[in-house]
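Biologist: I am new to this structure and would like to go through it by question and answer. Please explain each term when it is needed.

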Amino acid sequence: MVGVLTLIEYVVGTDLGLDELLMEQPLAPGVSHVGRMDPSTALSLVLAGMCVVMLAMWKRAAPWTSLPIAIVTALGAASLLGYLVDIASPYAWGGLGRMSFVSSVSLTLIGAGLYACAWADGHPRTRPVLLPASAGLGVLVATACLWRAMIAEEASHDRLLASTLGEQVATHTRECLAAHLEAVDHAAARLEAADEWSEETWRAKAERTLADFPIIARIALVNSSGQLVDIASGAHHDASLLPHVESEGAWAMAVERARESGAPLATMARGSPEDEPQIEYAVPIIREGSPDEWMVARISPARLLDACGRPFADKCAIRVLDHGVHPARAQSEASGRSIVRCALGDVGWDLEVALAPAFAASLRSGWPGTALVVGICATLLLSIVLHLLESGGRIRLAQRGLLREIVLQKVALDAHSLVAMTDARGVITYANDKFCEVSKYAREELIGRTHRIVNSGYHPKAFFVEMWHTITRGETWHGDICNRDKDGGLYWVASTIVPIRDEAGKIEKYVAVRKDITVQKEHEESIRRLAALQAAILASPGYLIIATDTTGVVTSFNAASERALGYTADEVVGHATPMLWHDPAEVTHRAGPLADELGRSLETGFEVLVARTESTGVPDENEWTFVRKNGTRFPVSLSVTCLRDGHGRLIGYLSVIRDITRQKLNEADIVDGRQRERLAMQATGVGIWEWDVAGGMVHWDEQMFRIYGVEQTADSKVTYDDWRQAVVIEDVVEQERMLQELVRGGKDRGVRRFRIRNRSTGEVRVIEAHDAVRLDDNGRVEWVVGTNFDITDRVRAEEELHQKNEELERFVYTASHDLKSPIVTILGYCSYLKRDAGRERYGEIGDYCDAITRAANRMRACIDDLLELARVGRADIECEEVRISDVVREVLEDQAAAISEAGVKIDLDLREPTVYCSRRHASQVLSNLISNALRYGCTAPEPVVSIRTAPGEAGFVEIAVDDNGKGIEPKFATRVFELFERLESGKGGTGVGLALVKRIAEHYGSQVRVIPTPGEGAKFRIGLPKGDGLGLKKDSSGEIDAKPPKADKTGPIPAGRG
Amino acid sequence: MQSPPKRTRPVRFLLVEDDEDHADLIARAMREHRISNECSRVENGEQALAFLRKEGEFGSAQRPDIILLDLKLPRMNGLEVLREIKWDPELSPIPVVMLSTSSADEDKERAYELRANSYVVKPLDFDSFNQIVSTLNYYWAVVNEAV
């Protein structure tokens, strides 16, 4: 920016105030010289700035920016050179090229840097032109600058020399003038000294002086009377005449001035403005008696200078300018001339001194011209050299590219082909890697051998003879060769053998390029085999194989078809459709259901045959009836498949047909066999299933559907998942694992047992399964066949048996304790009894007997109870309608003594009057519960036993027997029902009663429980089957019997049982 | 037969027995044998533990030197009581003799598993009873001396 502004200031010549702006900046004094930058600096900065911007913004500008950069560099460099050769001061065009030393160095460096950037960024294509051009331009500019600078330097030297010469001339002139004036003085002095003053004398002397000093133009005498006597001319002028001689006025003036100063004085005088100025010298002549006489000499400066400059004439030409400032002075200086001031008299004269051309020429060194020529030459040379260098680079680059391409081609060729070279005799001289790789020989093994090393013997000798004939004639040979590799394996190559001739035209070597086509050959072979296979299939006598195009026109008709249908292939291929031998009525009949199945309309005819396979994509097998040419009919199984090309486009249909006449006849037998098998299976209840492992489909027989409670499908097919869902969740993982092992290992793992949920009843059933597998050819499991047998009932029976056994064991164990206990007592007392009897001590015998009796009674009761307990599950127990009130009354009657003794209040609430069970059982339940309540529950001050019945769970009556005694703690809630479990001792219980109650409840599929409410009395609940109130035995009076114990519970009951 | 060691104080028995007659027989046997021991009797397992821990009505009960524990007891059978005793660091040093009518190996094994000190099948005659009481007496004396 500053550069631009400065440049504008220079070019337009206006003052933009830049200097003031910049110079008034508060720069630290003494740091630097502050000033306007030189024009070339400004220009360079502008160009450099421009280039930087262009380089930064426009990448492709790089080559072009090298031109202005060259100028910048050139200006800087030229300036720097100027400084180095010390010709900086009168620089170039009027000083426009001047720049400071620091600027020049900086700009040179900046330019060089930018140039390097431009060069580096430049496109290789533009470099060979622009680089030399810009470098040349730079050198040219530098040369021009230097040249101009040298010219200017020389002119400056000329001026200096001229000035020096001028000074010498001026000095000489002054000395000459002084000598002349001295001569005049001398003459005047001689006049003074003359004894006699006469005009002639004076004149003579004057003339002698004039003769001696030719530069003095005139000498005149001004006498005391003021007359001027011109000595040279001899004219005699009266002083009065002076006014007439105007040109003489100056004389008078000179005298006048000299008179005023009182000394001889040289003054400049001019006769008239047009006249040349003259030097006039007035000398007083001092004589007695004539005080005012003057001798006046007049000298022409021109002649003086001319005379004095003559010695310098060969060196310079001098011109006298008018004294004072001469307007042409600047011009004179510019043109190499010098102005010298020379003081003559009281006036300074300006002398223009110009060097004589010959002298000036003798001073010329010829350097500028040489520099110019050298510069131009350097420019051209540099440009050419750079151009060549860059172009050379390009050519090398191109060569390298070409070489690289050749190498790549070789790489590609090596990767693709087997390359070998042989000499004229066929000896291998070169083998590439691929050749080695395919032939499996090492390169060293191949080189030096002939191709016989890979000869497979597949081709006859004539084959190679023909090949050699071709190539020895110099022609290229092509052909497929079967070779043998080192390991004995065969490989096929498509070979091209090219003979290479030397310069003499003789065959020098052969190059063989071969492509490995083993795979193609194998494909060809497999295609041939397939064709053979196809032919064999078509020739198969058992199957009719007929191919059609998409419209149904027959394209292939095998021999079996001809035989079976009676048509020849020529008759049908390309003419007929399969409708020729199909039963039209059958086709029409099936069209309808098929159209419904596929959900689209079908044209009756060929489409009916192929519609299903076309839409499902799988072969469609159906039974049809064919009509022979002779009109007879036969059943067939027809399998239709779509034929598709490699892109999946439908190209036709293939029908494979089997005559099933014989099969049909056999089928009836088979159906019978199946029926028998099914009946057998149904009888045993064993279900059979088959599982197509790959397809995931499972086939079940009827029994399987029954076992699983699934509605039987038309094709008896279910999926594996159907089965899996039926298995109860806990068994699924284990069963799946076992099946997977079976499928993986193919080994029968024996019996599996798992639970399923019957889908229709929701019941869990236990299944026992046996499996067998069928393996395919690869030893993989193809089918699994197995049986399922519902063993739920058996398992239940087993469980029950197991339970019973355990119960029995427990019974035996506890019985052994409790039954032994009274025996211990009896035997113990018996031994005392015996001893006391022996000693005849009878005091305690009564006690002993009591104890023995107690123990025996307890044992009897215990055994009774155990017998009851054992009897509960017996099959011969008859159930009947039992009126609960009857039973309660009987029990209360039995327990009357205990009731009255304890003062128990009996509370009855029998909402459900009857139960349906064994009367004995009902009696035992109530008897045990009530007697327990009386025995253990009557600890309260006012004991109450309440007996209630209420509707229980579905079909049951809940009988509740509560007391208000201590109650039963929760931890004993189940234990009280165990055999021989007693919570208290000494109350006479056998420990069997509640176990009996429990057994009875379980017998009727119900439960007995106690509500554990410690402190609130024991609350027993038992369910018995609900009666319907019908069929009651009439042994007790109906209405009154409903609440018989009402009377009993208030009044004391007579003691019954002890 | 070894002579019984000299005793410093009467042995305190705790008899846990629900059957009155059995308790009577044991008491008679002790008397017959002239073992002037203190014998306390409780009827069931809970009472036994309460006695040993001096709880409730047995607040003033003295710690027995030996426990005769019937296997079959109401509310809490002998084995449960045994487990409680042997798990209680306070009570476990007291020797426990199990009494049972059962001679089944199963019962014996379970009793010994629960660290019963002895298992005695209830004898069926007087002499045997006497023999047992005598053995117990001797047993206790040995234990006492060892302590």
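Modeller: Before we discuss packing, angles under 35 degrees count as roughly parallel, over 145 as roughly antiparallel, 65 to 115 as roughly perpendicular, and the rest as oblique. This is a predicted model, in which local features need pLDDT of at least 70, side-chain atom pairs count only at pLDDT 80 or more, and totals for chains, interfaces and linings use all residues. Residues are numbered from 1 along each chain as its sequence is written, while chains are lettered from A and ligands numbered from 1 in the order in which they are written.

Biologist: How are H27(A) and H29(A) oriented to each other, roughly parallel, roughly perpendicular or oblique?

Modeller: Helices (H or I, at least four residues) and strands (E, at least two) are DSSP runs, numbered from the N terminus. The axes, lines fitted to C-alpha atoms (for helices over the stretch in contact), give angles from 0 to 180 degrees between N-to-C directions. Helix H27 (residues 884–894) of chain A packs with helix H29 (residues 919–936) of chain A at about 45 degrees, their axes being 9 Å apart. The relation of H27(A) to H29(A) is therefore oblique.

Biologist: Which residues of H29(A) does H27(A) meet?

Modeller: Contact here requires C-beta atoms, placed from the backbone, within 7 Å. The contact of H27(A) with H29(A) divides into 6 nonpolar, 2 polar and 2 charged residues, where Ala, Val, Leu, Ile, Met, Phe, Trp, Tyr, Cys and Pro count as nonpolar, Asp, Glu, Lys and Arg as charged, and the others, Gly among them, as polar. From H27(A) come Val887(A), Val888(A), Glu890(A), Val891(A) and Asp894(A), and they meet Ala922(A), Ser923(A), Leu926(A), Ser927(A) and Ile930(A).

Biologist: Which strands stand at the edges of the sheet S26-S28-S29-S31-S30 (chain A)?

Modeller: This open sheet has 5 strands with mixed pairing; strands pair if DSSP finds at least two bridges between them. Direction ignored, its neighbouring strands are turned by 15 degrees against each other on average. The strands that pair on one side only are S26 (905–910) and S30 (1008–1011) of chain A.

Biologist: What angle does the direction of H27(A) make with that of S26(A)?

Modeller: S26(A) runs parallel to strand S28 (residues 944–951) of chain A, with 6 bridges between them, and Lys905(A) stands opposite Val944(A) in S28(A). H27(A) packs on this sheet and touches S26 and S28 of chain A, its direction relative to S26(A) being about 170 degrees.

Biologist: In the sheet S15-S14-S18-S17-S16 (chain A), why is one side of S15 and of S16 left without a neighbour?

Modeller: This is an open sheet of 5 strands with antiparallel pairing. Its neighbouring strands are turned by 30 degrees against each other on average, direction ignored. Strand S15 (554–557) and strand S16 (620–627) of chain A stand at the edges, so each has a single partner strand.

Biologist: Which helix lies across S16, S17 and S18 of chain A?

Modeller: S16(A) is joined by 8 bridges to the antiparallel strand S17 (residues 633–644) of chain A, and Val627(A) stands opposite Arg633(A) in S17(A). Across S16, S17 and strand S18 (650–659) of chain A, at about 40 degrees to S17(A), lies helix H20 (residues 606–616) of chain A.

Biologist: Which residue in the turn between S11(A) and S12(A) has a positive phi?

Modeller: Strand S11 (residues 477–484) and strand S12 (residues 490–501) of chain A run antiparallel and share 8 bridges, with Asn483(A) partnering Tyr491(A). They form a hairpin with 5 residues between them, and the residue with a positive phi of about 95 degrees is Gly488(A).

Biologist: Which helix of chain A gives the largest share of the side that touches chain B?

Modeller: The contact takes 20 residues from chain A and 20 residues from chain B. On the side of chain A, helix H25 (792–839) and helix H26 (845–871) each supply at least two residues. The largest share, 12 residues, comes from H25(A).

Biologist: Where in chain B is confidence lowest?

Modeller: The mean pLDDT (the predictor's confidence in each residue, from 0 to 100) of chain B is 79, and 81% of its residues reach 70 or more. Confidence in chain B is highest in helix H3 (residues 78–87), at 89, and lowest, at a mean of 68, in helix H5 (residues 126–146) of chain B.

Notes
Contact = placed C-beta atoms within 7 Å.
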